[in-house]
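Here's a quick briefing to read with the model open in your viewer. Grab a coffee and follow along.

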Amino acid sequence: MRLLVTVQEEIMTNGPAVAYRTARVPSQHLHCIAFLSDPELLGSLAMTSLGSIFSTATQPRLLRPESLAEQIRRHLFSSQAKSPSLATQHDYSIALALAVRDRLLLNWVDTAEAYTHQGVRTATYLSAEYLLGPHLENNLVNLGMREEAEAACRLLGLNLEQLIALEPEPGLGNGGLGRLAACFQESLASLELPAIGYGIRYEFGIFRQSIGPDGQHESTDAWLTLGNPWEVIRPEWRYPVQIGNRTVIGVAHDTPITGYGVRTANTLRLWSAMAPEAFDFASFNAGDYTRAVLAKMQSETLSKVLYPNDEFDQGKRLRLSQQIFFVSCSLQDMFRILRGQGLTARYFHTKFAVQLNDTHPAIAVAELMRLLIDEEKLDWDTAWSITTASLSYTNHTLLPEALETWGLELFEELLPRQLQIIYEINARFLRMVRIQNPGNPELLERVSLIEEGPQRRVRMAHLAVVGSHHTNGVAELHSQLLREQVLADFARIWPDRFTNVTNGVTPRRWLAVANRSLSTLLDGAIGEGWRRDLSELQRLEPLLGDTGFLEGWQAARLQAKQRLAGHIQDQLGVMVDPTSLFDVQVKRIHEYKRQHLAALEVVQRYLRLHNGEDLPPRTVIFGGKAAPGYAMAKLIIRLIVGIVEIVNMDPAMRGRLRVVFLPNFSVSLGQLVYPAVDLSEQISTAGKEASGTGNMKMALNGALTIGTLDGANIEIRERVGADHFFLFGHNAEQVARLQQEGYHPQPWLERNPALRQAIELIGSGHFSEGDRQLFHPLLANLCNQDPFQVVADAADYSRAQNAVDQAWQQPEAWSRSSITNTMNCGFFSSDRAIAEYAQRIWKIQSLSIGS
Ligand code: NBG
């Protein structure tokens, strides 16, 4: 009874989490403590004996909507300092987020405590990008309290969906790589795996894109302006990082990552940069106020903004500074954790499995060596075995321009000690290679960590491979090409280091949250288990012949399409027919992804319709950002915008063809788009797309793919079956052969009059108000070089699109193919991918938190 009183008092003064800490109630009674946090109930509970309260603790859903509504009201007052009559929707959205966070805190502190007390081996994921998407709804679903929240909002006269829509999304990533990191964090927590995600708390995430008649415009993404209810600042966890002659301090900002249906809440720890001194007193006293704060501003610049380039290395000083900044803070943080457990640096590799997400954190190889040697005073050989036993590296691209290298001068200026270490690593590595391969200086030159030439450069991918125990690609084909081409020399030296882990996506965000109509149908048909184990979708197979289910499927998909159509109408004022075929390509704009191939096909369709052909109605939807400095990608957007203008105002196209460019593609928008896709465009030049993950999200939600044999498309096709996939184009081997044989688009153009006509129409200024010059760079490139073999694949693409038109006219067969796609996509869960990393690469084990 005394314990109960303590708990009560603490709750009243400090809230449930503190009460829990103070009273040290066993974790299996946590539900009870959360229950106790409802002040309405406290009075009556005081009369009850502790035992009887705790005996009710295991009952699910003790938290009722009334209690959640009360907590929201309380946060409105205590956190937002607002009365209900003056509160805005935004105030309520923050209050709701904080109320949800309160629930989460119990899981979070327990997870941290369990990991620390049990000293578990932990995966630490180093990534410069996390494209998280909004947290609220995902947390509600993972905590099993969405319905409760909906009811609580109703009690307060609010609409949950509206509050959810108000949350700005933390767009701390460019595209696939950052989104993968976010899916992986969620799967780690759902699988109850001990993990910490480390990254940078960019003040400005990926730029906002708006679309004008002249194409893409960028503006800053000030996602933190209205506050961030999900993060907890840890001012005590701060580390100095030396960059050139400057010291910058990194301060930890933690965000909880909840697992689905478990008590695990892992931590995403993002570093924000600060100056060691608020300002320089000497300058201040000398009257130079601006100089006094200059250093502070320069330091804080480090975590200001995300570089908006995917798959392109700009070699900028600030970017290298960002890399060492977050890597060093993260490694220093790991040493702190290690020491906290009474372990010395020698145990680093037994405690941590450190994953390098692409080469952005590859400097970790040199920085870990530096910390082990300079700070922890270990000898080189011991430090090297600890480093290589700790690190593993994932490569995410085959594009040569995306493989990071840094000029030696810059490196020397910013990171002189790390460069010394890299030289030593290189000398020892090359000695080993020389001994194993006598008389092969070309090999030494190829594998060296330093690229020779007019400007000598550090090759970060080589550093990552040499300094880690595993290197993996992200789809079968990609891993094979890494082994056979890009990193072939290394694969010969260390065949066992190379492996594949095909990417995956989290079924919680990308099916349960994004597609409620389909989820409800699935729940009714096969139960809710697919959320935990996506392979349960296989159980849909017997329903393929069930007309009732087929109708339900069509209705659920139509609902998703109606939602998207509503958004398009609201945002763009364009009416699209939800019963038309939704043909969608959303992803970063890149020549290798070939949005221009799809655009050329739309122009051909437009001409065919003008010639009186009868084709089934289609809505072609594009979306995606172009790197601000990537002129050709921006021109592709400009072309699509021009096509949109002409097609949508042409009466002859009405009811036949609509084209839409969705501005500012993001995670939230993705949640609206992926469920509404009938035809998933995955049309990259074979051998260029490492994996793709949008392809998985679309197929999982019941889209049929039109695609090349590239990245994970190959594995999707293998699983869903060739009959349910529209394949076209040259495969990676054929693409490479064509290129070797001196590919020129001209003869292919000659054989494809429809394509020629489309190119001529664009060149005539038809889509650019008579301007014949505007698209010249794009068209000239296509007709003369065509580095991504758009022209060589165009005829076969048109053939496959005609097959799509045919198939679409058989709605039942199409729907069965749609179900077949969903049913066979269980493999593409990020749970499966993470389980593979955990078992084969990290050697970590799950730990269940709580009762
Ligand atoms: C991207 C690839 C995608 C892949 C994601 C995630 C980069 C550098 N790479 O094909 O282009 O799906 O990584 O692995 O963003």
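What follows is a short tour, topic by topic.

This is a predicted model, in which local features need pLDDT of at least 70 and side-chain atom pairs count only at pLDDT 80 or more, while totals for chains, interfaces and linings use all residues. Residues are numbered from 1 along each chain as its sequence is written, and side-chain values use heavy atoms, with hydrogens and water left out.

**Confidence**

- The chain's mean pLDDT (the predictor's confidence in each residue, from 0 to 100) comes out at 92, and 92% of the residues reach 70 or more.
- Residues 1–62 are another story: pLDDT stays under 50 there, and the model has 84 contacts beyond four places in sequence for that stretch. Contact means heavy atoms within 4.5 Å.

**Strands β7, β8, β9 and β4**

- Helices (H or I, at least four residues) and strands (E, at least two) are DSSP runs, numbered from the N terminus. Two strands pair if DSSP finds at least two bridges between them.
- Start with β7 (residues 232–243), which pairs with β8 in the antiparallel sense over nine bridges. R238 has V251 in β8 as its bridge partner.
- The hairpin of β7 and β8 has two residues between the strands, and G244 takes a positive phi near 60 degrees in it.
- Next, β8 (residues 246–258) runs antiparallel to β9, with 10 bridges joining them. Here G250 is matched with A273 in β9.
- β8 and β9 also form a hairpin, this one with six residues between the strands; G261 in the turn has a positive phi of about 65 degrees.
- On to β4 (residues 195–200), which pairs with β9 in the parallel sense over five bridges. I200 stands opposite W271 in β9.
- As for β9 itself (residues 265–274), nine of its 10 residues are buried, so the strand is largely enclosed by the rest of the structure. The cut-offs are under 20% relative accessible area for buried, over 50% for exposed, and partly exposed in between (1.4 Å probe, protein chains only).

**Helix α16**

- α16 (residues 364–375) is mostly covered, with 10 of its 12 residues buried. Among them are L368, M369, L371 and L372, along with the charged-letter pair E367 and R370.
- After α16 comes K377, with a positive phi near 60 degrees.

**The ligand**

- There are 13 residues around the ligand, and E311, H396, N503, E689 and G692 come nearest. A residue is near a molecule or strand if one of its heavy atoms lies within 4 Å of it.
- A polar backbone atom of G692 sits 2.8 Å from an oxygen atom of the ligand.
- A690 has a backbone N or O atom 3.4 Å from a ligand oxygen.
- Y592 joins in through its side chain, with an N or O atom 3.3 Å from an oxygen atom of the ligand.
- The protein covers 93% of the 380 Å² of accessible area that the ligand has on its own. Accessible areas come from the Shrake-Rupley method with a 1.4 Å probe; for residues, only the protein chains shown count as cover.

**R588 and R594, in one loop**

- R588 is in the loop between β17 (581–586) and α27 (595–610), and is buried at a relative accessible area of 7%.
- Its side chain makes a polar contact of 2.8 Å with the side chain of N174. A polar contact is a pair of N or O atoms within 3.5 Å; within protein, one must be able to donate a hydrogen and the other to accept it, and residues adjacent in sequence count only if both atoms are side-chain atoms.
- The R588 side chain also reaches the backbone oxygen of K625 at 3.0 Å.
- Leaving aside neighbours within four places in sequence, R588 is in contact with residues including I206, P308, D310 and A627.
- R594 lies in the loop between β17 and α27 too, and is buried with a relative accessible area of 0%. Its phi is positive, near 60 degrees.

**A81**

- Most residues other than glycine have a negative phi. A81 has a positive one, near 50 degrees.
- A81 is in the loop between α6 (65–78) and α7 (89–118), and is exposed at a relative accessible area of 65%.
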